[in-house]
Amino acid sequence: LVTAGTKGVGAAVVRALVDTGVRVVATARSVPGDADGVHYVAADITTAAGCTTVARETLAHLGGIDILVDVLGGSTAPGGGFAALGDDVWQAELDLNLMPAVRLDRALLPSMLAQGSGVIVHVTSIQHQLPLPESTRVVATGSWASNQPLPTASTTAPTPTPTHPMVVNNRASSERSCASARVVSNTTPPRASPFMARTSSRASA
C-alpha cells in the first residue's frame, strides 16, 4: 500500500514497486482513470473513516500485505510561528501528517505479524532534524512519525535487539523532503509467508 500514490513522491514509489513486480494498492482523494496495473482506492485518509476504508480494501484485494509506504504529508498552515497557530490548524496538521500513519499502521500491522514479515516506511519532513522558521507544527508531527516506537519481542541475544521485523532505521530522500524511514526487516532468516506463497513470491504493497 502506498498513500498519496498518484502524484510526486507517492507516484514515483508506486511506479518503482510496480516495475519490480510488486502488486500495488495506492490511495489518494481522487484516482487516475488509467490504473496501469495498480489498484487505486479513492479515500480521504485524513479521516478515521477513510483509513478504515483503505485498510479494508487493501486486505480484501491483496489477501494480506507485505509493504506499507506512508507518503501522505505536507502543510498549509500560515506563517507566524506558534502564536499564530490555533487548535484548528494544529488539528488539521495532525490529521494530515500524523494520524493517517497511526491508523494505517494499527490496521495493517497485525496482518504482517500474523505472516511473520513485512515492511513499513514513514516518509516525513526534513524539519524533524533541521527545523525551518515558523514551522512549529511540521517539526512536531515529523518528529513523531520518524521516532514512533516500534513493537519488540523478547530475545536471547546478549544485547537488547528487537526481534519483531520492524527494527531498522533508514534514511531516505525524496523530491519533497529528506525522509526518515523506519524499515521493517527480520533479524533472523524470514519465515515463509503463506501470502507470499499464494502470490508466487510477488510481494504486495
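The legends below describe close-up views of a predicted model.

**View 1. Strand β2 and its two neighbouring strands.** Strand β2, which spans residues 24-28, is mostly covered, since five of its five residues are buried. In a regular strand the side chains alternate between the two faces of the sheet. In β2, Val24, Ala26 and Ala28 point one way while Val25 and Thr27 point the other way, and all of these residues are buried. Strand β1, made up of residues 2-3, is joined to β2 by two bridges, and these strands run parallel. Within this pairing, Thr3 has Thr27 of β2 as its bridge partner. Between β1 and β2 the chain passes through helix α1 (residues 8-19), and this β-α-β crossover is right-handed. Strand β3 (residues 38-42) also pairs with β2 in the parallel sense, over five bridges, and here the bridge partner of Ala28 is Ala42 of β3.

**View 2. The surroundings of Thr3 in strand β1.** Thr3 has its place in strand β1, and because its relative accessibility is 0%, Thr3 counts as buried. A polar atom of the Thr3 side chain lies 2.8 Å from the backbone nitrogen of Val71. When neighbours within four places in sequence are left aside, Thr3 is in contact with Gly10, Thr27, Ile45, Val69, Asp70, Val71, Leu72 and Leu104. Two of these residues recur in other views: Thr27, the bridge partner of Thr3 in β2, and Leu104, which is among the buried residues of helix α4.

**View 3. Two loop residues, Ala4 and Asp36, with positive phi.** Ala4 is placed in the loop between β1 and α1, and its phi is near 50°, a positive value in a residue other than glycine. With a relative accessible area of 23%, Ala4 is partly exposed, because buried residues must fall under 20%. Asp36 is found in the loop between β2 and β3, and this residue has a positive phi of about 50° although it is not a glycine. Asp36 is likewise partly exposed, with a relative accessible area of 46%, a value that does not reach the class of exposed residues because that class begins over 50%.

**View 4. Helix α4, its kink and its buried residues.** Helix α4 comprises the 17 residues 99-115, and from its first C-alpha to its last it reaches 25 Å, close to the 24 Å expected at 1.5 Å a residue. At Leu108, shortly before the proline Pro110, α4 has a kink of about 35°. An α-helix has 3.6 residues a turn, so residues three or four places apart point the same way. The buried residues of α4 are Pro100, Ala101, Val102, Arg103, Leu104, Asp105, Leu108, Leu109, Ser111, Met112 and Gln115; Leu108, where the kink lies, is thus among the buried positions. After α4 comes Gly116, whose phi is positive, near 85°.

**View 5. Leu98 in the loop before helix α4.** Leu98 has its place in the loop between α3 (87-97) and α4. With a relative accessible area of 12%, Leu98 is buried, because this value is under 20%. Although Leu98 and Leu72 are 26 residues apart in sequence, their C-alpha atoms are 9.2 Å apart in space. Leu72 also appears in the view of Thr3, as one of the residues in contact with Thr3.

Methods: Residues numbered from 1 in each chain as written. Predicted model: local features only at pLDDT ≥ 70, side-chain atom pairs only at ≥ 80, totals over all residues. Heavy atoms only, no water. Helix = DSSP H or I, 4+ residues; strand = E, 2+ residues; numbered from the N terminus. Expected span 1.5 Å × (residues − 1). Bend = angle between axes of the 7 residues up to and from the residue. Buried < 20%, exposed > 50% of the residue type's maximum accessible area, 1.4 Å probe, protein only. Pairing = 2+ DSSP bridges. Right-handed = clockwise from strand over helix to strand, strands pointing away. Polar contact = N/O pair within 3.5 Å; in protein donor to acceptor, adjacent residues only side chain to side chain. Contact = heavy atoms within 4.5 Å.
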